[in-house]
Amino acid sequence: MTTYPVDAFTAPKGTYDLTPPDSATFLAVREALAAPLRRSGYGYIETPGFEHVELFSRGVGESTDIVTKEMYTLTTKGGTELALRPEGTASVLRAALERNLHKAGNLPVKLWYSGSYYRYERPQAGRYRHFSQVGAEAIGAEDPALDAELIILAVDAYRSLGLRDFRLLLNSLGDKECRPAYREALQGFLRGLDLDEDTRRRIEINPLRVLDDKREAVRKELVSAPALRDHLCEACKAYHERVRQLLTAAGVVFEDDEKLVRGLDYYTRTTFEFIHDGLGSQSAVGGGGRYDGLSEMIGGPALPSVGWALGVDRTVLALRAEGVELELPAATDVYAVPLGEAARDVLFDLVTALRRAGVAADFAFGGKGLKNAMKSANRSGARFALVAGERDLAEGVVQLKDLASGHQTPVSLDAVVEELRARRG
Ligand code: AMP
């Protein structure tokens, strides 16, 4: 007999199961985050949950935590090295290139997606090893209005959920013209600081990411670091100014944050992050930016692009932190309670007919007694119960009970579907 370790039948560390009733909120959040994209010309894309490791090491960047520490990698029996996707952008761009979407003559290619992502991070509140994102990418156009569009759509999505305590941080990382000179200036400054070995190594590989260090002691040393803002070329400055103007015109409030570099290497020019102040240390509910060089990094043509990913798990936590209760439609409108065998068949047919007519209906399965069945009806959240026994059937009626008021009226069997459809309105 096989013996299993004690925790073999519990969810792995850093993951959690979504179950009713909370799962309904999660689903509604996911839909609300995607809704603004769906009415703004973004088409749905779905890519595999795993990709070749090189896509991420080349795309996301060899020096990033995501690639060096957090990727779940595996070698297939055939010897192929795969990684569970830690983020969405590289996969979506890979798919767009592979399917030649950029050659269909309609740039930008605007895509949205929703799914699971995996990072081997140290789990804590709001930080999981399996999490869910809704994302958007606009591929193949360099236009500040496109950056603004995506930011506005994210803001509208959060607002539609009733979130208020979120802030938008905005920055420009420059481009291949101006970033190299800044990189050098920053390296010069950082080399003069008293930093640990790991961080010193990072100065040489990706100095901008040192600015992202969250440790208080390091942050203090960084106060007088050269600012990228002072090194932006004219084109980047003008571009960034346009994005800021468009956001302001749309009533979007933002904070300029020159230390915002984000954890991925591919960003250029516009970067942004949405922070929620009720979440403690894992406060980023979403983020994104422009990635004009990524396509070439993964073997494609030059395709300037911009995108974002919003965390579904953390958006749910943010709603909870603000005490926002979403108004979710009841899962069940009508609950059928048969009294006796003959009534079971009639009510089961009726439930099927109701469902086909678009009324959410459920049934007291398992031959429960009246008392238990009525308890289930109440728990289901239904507004009405349909109760019928042999005498009702002999009269060609079912009893329609309003579960809130307790009021009960007989309704003719022929009329009940229409009656309930009308009342549901
Ligand atoms: P990133 O690509 O790291 O900026 O991630 C985009 C968004 O996904 C973040 O703002 C978070 O809301 C969410 N996210 C990223 N990593 C995690 C994680 N480990 N657990 C939960 N949510 C995450």
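User: What is the lining of the second largest pocket made of, by class?

Analyst: The lining has 13 nonpolar, four polar and five charged residues. Ala, Val, Leu, Ile, Met, Phe, Trp, Tyr, Cys and Pro count as nonpolar, Asp, Glu, Lys and Arg as charged, and the others, Gly among them, as polar. This is a predicted model: local features need pLDDT of at least 70, side-chain atom pairs count only at pLDDT 80 or more, and totals for chains, interfaces and linings use all residues. Residues are numbered from 1 along each chain as its sequence is written, and side-chain values use heavy atoms, without hydrogens and water.

User: Which residues of this lining lie nearest the centre of the pocket?

Analyst: Pro21, Asp22, Thr25, Val316 and Arg320, out of 22 lining residues. To count as lining, a residue needs an atom within 4 Å of a pocket point. Helix H1 (22-38) and helix H11 (312-322) each supply at least two of the lining residues.

User: What is unusual about the peptide bond between proline 20 and proline 21?

Analyst: The bond is cis, with omega about 5°. Most peptide bonds are trans. Proline 21 sits in the segment before H1. Leucine 107 and proline 108 are also joined by a cis bond, with omega near 0°.

User: Why is histidine 240 called buried?

Analyst: Its relative accessibility is 11%. Buried means under 20% relative accessible area, exposed over 50%, and partly exposed in between (1.4 Å probe, protein chains only), so histidine 240 is buried. Histidine 240 lies in helix H9 (residues 234-249). It touches Leu170, Asn171, Ser172 and Asp256, leaving aside residues up to four places away in sequence. Contact here means heavy atoms within 4.5 Å.

User: Is arginine 269 buried or exposed, and which value decides?

Analyst: Buried: the relative accessible area is 7%. Arginine 269 lies in strand E9 (residues 268-276). Its phi is positive, about 50°, although it is not a glycine. Most residues other than glycine have a negative phi.

User: Why is asparagine 100 called partly exposed?

Analyst: Its relative accessible area is 36%, so asparagine 100 falls in the range between buried and exposed. Asparagine 100 also has a positive phi, about 55°.

User: What makes arginine 119 a polar contact of the ligand?

Analyst: A polar side-chain atom of arginine 119 lies 2.8 Å from a ligand oxygen. A polar contact is a pair of N or O atoms within 3.5 Å, so the pair qualifies. Glutamine 133 has a polar side-chain atom 2.9 Å from a ligand oxygen. For valine 285, a polar backbone atom is 3.1 Å from a ligand oxygen.

Note on methods
Helices (H or I, at least four residues) and strands (E, at least two) are DSSP runs, numbered from the N terminus. On a 1 Å grid over the protein atoms alone, a cavity is a set of points where a 1.4 Å probe fits but cannot get out, and a pocket is an open set with protein on both sides within 12 Å along at least five of seven lines; lining residues have an atom within 4 Å of a point. A polar contact is a pair of N or O atoms within 3.5 Å; within protein, one must be able to donate a hydrogen and the other to accept it, and residues adjacent in sequence count only if both atoms are side-chain atoms.
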